Amino acid sequence: MRRTVSFLAPLLLVALAGPALAQPAGSAAAAAAAASAGADFDNDGVTDLAVGVPGENDFAGAITVLDGSGGTGLSGSGSQLFMQVAGTVEGGDLFGAALAAGNFNGDAFADLAVGAPGEVAGSAAAAGAVSILYGSALGLTASGGQLFTQVAGAVEEGDRFGSALAAGDFDNDGFADLAVGAPGEVAGSASAAGAVSVLRGSAAGLTATGGRLFTQVAGAVEQGDQFGAALAAGDFDSDDFADLAAGAPGEAAGTAAAAGAVSVLRGAGGGLTATGGQLFTQLGGAVEQGDVFGSSLASGDFNGDAFADLAAGAPGEVAGAAVAAGALSVLHGSTGGLGAAGGRLFTQVGGAVEQSDLFGWSLAAGNFDGDAFDDLAAGAPGETVGAEPLAGAVSAIRGSGSGLTTAGGRLFTQVGGAVEANDQFGAEVGTGDFDDDAFVDLAVGAPAEGVNGAFNAGAVSALYGAAGGLSTAGGQLFTQNSPGVPGGAEDFDSFGGNFLSAG
């Protein structure tokens with residue numbers, strides 16, 4: 001019998017109990033950031049895939065980069081492995097728990113930010129840090145790498161800086177900037193209220209100079225909000241400045257503990273600003289205890305109107321009598337920014353709505369069928385497949401002139417490998433054109449997958465886009481034991497526990 005450890009139960013159990021939310025680091029922000037940032041690290045015209053391995057080497061963590069190639073897609077050949085850059089590699093750092101790509105120095109190559117929310121800074125345990133690897137003709141390189149701890153605020157124990165990342169050009173100066181979540185940040189006397197720091201891009205790369213720190217926007221700063229647990233960048237008002245959505249899944253709405261909320265900070269010439277900031281609670285459904293709305297985010301133009309829209313997951317949502325079946329809400333962009341008008345709520349698409357599916361746990365946007373509208377992939381890692389609990393699944397929801405629609409929606413289980421109990425397929429999702437055919441493809445993590453006797457070693461599946469949408473045809477499965485992939489599968493590596501891609 002395979003030994004497994006569930007990565008999902010802690011969020012569910014604690015969220016339903018109240019505001020002391022235990023959100024796993026970097027749950028889905030990476031995919032959202034990637035959709036606007038690009039991840040062609042070697043500038044060969046094809047999207048590459050950076051895969052987090054946060055459990056590697058006693059949870060010190062690592063990242064693996066799989067190379068994309070025209071016509072054939074992702075390959076282990078030429079893949080790279082990196083440990084923490086510009087800092088000491090230590091057990092418990094969780095390097096690779098969050099990822100975001102952006103061109104931080106304005107050259108021809110995408111760069112990569114990697115969160116290590118468990119990093120000890122001085123004597124402050126789990127203060128957190130972010131490493132930066134820069135792109136080159138040979139791919140990512142540790143040369144010139146940087147390490148940042150919290151910007152514009154005190155570095156404190158339990159901040160978990162680097163738990164979520166999003167890249168976007170918030171000041172429209174031609175250099176991508178980086179937003180970094182620290183959901184454990186104490187604000188005043190409010191523990192785990194959360195905060196978001198912003199580092200600015202420049203010709204020399206990211207810099208802490210001019211960096212800023214934000215606490216929750218347009219709402220009260222309260223204990224357990226965990227503001228910054230998820231992040232997504234998008235130009236919601238189409239003014240050429242990227243805006244930032246920040247989840248606070250522990251936010252209490254009225255008397256509903258851990259109902260969750262999402263704040264929006266606007267981009268401007270001086271960078272992100274709280275002026276005109278917005279706060280949203282769940283749309284299209286009742287706001288209830290334990291929904292943890294805002295624990296995953298993704299931006300995309302789902303209705304083709306040139307304004308970025310926002311999908312926000314609520315994996316703790318009760319659907320009918322099904323506890324933690326999960327849901328996601330969609331807010332549409334406009335000249336005034338995101339708005340609740342026309343907002344919709346979706347439960348699982350293409351499959352039955354069941355207890356503990358955790359639909360909406362992870363989100364990623366991309367144009368899978370090559371029409372004029374972005375589509376959305378939503379993970380349900382708690383999904384039971386046949387008799388296999390926690391095998392996991394992903395729903396693909398199509399975009400249209402009126403926004404996302406359940407028409408033509410599909411449900412996928414693990415591709416390229418056996419569907420087994422506790423794989424947690426769908427715990428992470430990311431998008432990119434890995435084969436350079438003008439259709440966006442989907443990568444899906446199954447971080448609890450057992451590999452040749454190694455439990456919770458992890459795996460990543462790739463589904464490829466086509467005129468009819470995502471397809472299992474040509475689907476691939478990668479582990480750390482795949483040809484060319486460095487590292488070797490080991491217990492608790494959690495390969496695919498987070499990843500980033502875009503293109």
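Arg200 is partly exposed, because its relative accessible area of 25% falls between the cut-offs of 20% and 50%. This is a predicted model, and the values below are computed from it.

**Salt bridges**

The structure holds three salt bridges. Side chains of opposite charge can pair when their charged atoms come close. The table lists the pairs with their N to O distances.

| Acidic partner | Basic partner | N to O distance |
|---|---|---|
| Asp171 | Arg200 | 3.6 Å |
| Asp237 | Arg266 | 3.7 Å |
| Asp369 | Arg398 | 3.5 Å |

Take Asp171 and Arg200, whose side chains meet in a salt bridge. This pair links distant parts of the chain, 29 residues apart. Asp171 sits in the loop between strand E8 (164–168) and strand E9 (177–182). Arg200 belongs to strand E10 (residues 195–200). Is Asp171 buried or exposed? Asp171 counts as buried, because its relative accessibility is 10%, under the 20% cut-off. Its partner Arg200, at 25%, is partly exposed.

Next come Arg266 and Asp237, with a salt bridge of 3.7 Å from N to O. Arg266 lies in strand E14 (residues 261–266), and Asp237 in the loop between strand E12 (230–234) and strand E13 (243–248), so the salt bridge ties together parts that are 29 residues apart in sequence. Asp237 has a relative accessibility of 8% and therefore counts as buried.

The remaining entry joins Asp369 to Arg398 at 3.5 Å, N to O. Asp369 lies in the loop between strand E20 (362–366) and strand E21 (375–380), while Arg398 is in strand E22 (residues 393–398), so this pair also ties together parts that are 29 residues apart in sequence. Asp369 is buried at 10% relative accessibility. Arg398 is partly exposed, with a relative accessible area of 26%.

**The sheet around E13 and E14**

Which strands make up the open sheet of four strands? Their order is E12-E13-E14-E15, and the pairing is antiparallel. E12 and strand E15 (273–280) are at the edges. Each has a single partner strand, so one side of each lacks a neighbour in the sheet. From one strand to the next, the twist averages 20°.

How many bridges join E13 and E14? Five bridges do, in the antiparallel sense. Ala246 stands opposite Ser263 of E14. Strand E14 also holds Arg266, the residue paired with Asp237 in the loop between E12 and E13.

Methods
Residues are numbered from 1 along each chain as its sequence is written. This is a predicted model: local features need pLDDT of at least 70, side-chain atom pairs count only at pLDDT 80 or more; totals for chains, interfaces and linings use all residues. Side-chain values use heavy atoms; hydrogens and water are left out. A salt bridge is a side-chain nitrogen of Lys or Arg within 4 Å of a carboxyl oxygen of Asp or Glu. Helices (H or I, at least four residues) and strands (E, at least two) are DSSP runs, numbered from the N terminus. Buried means under 20% relative accessible area, exposed over 50%, partly exposed in between (1.4 Å probe, protein chains only). Two strands pair if DSSP finds at least two bridges between them. Axes are lines fitted to C-alpha atoms, for helices over the stretch in contact, and angles run from 0 to 180 degrees between N-to-C directions.
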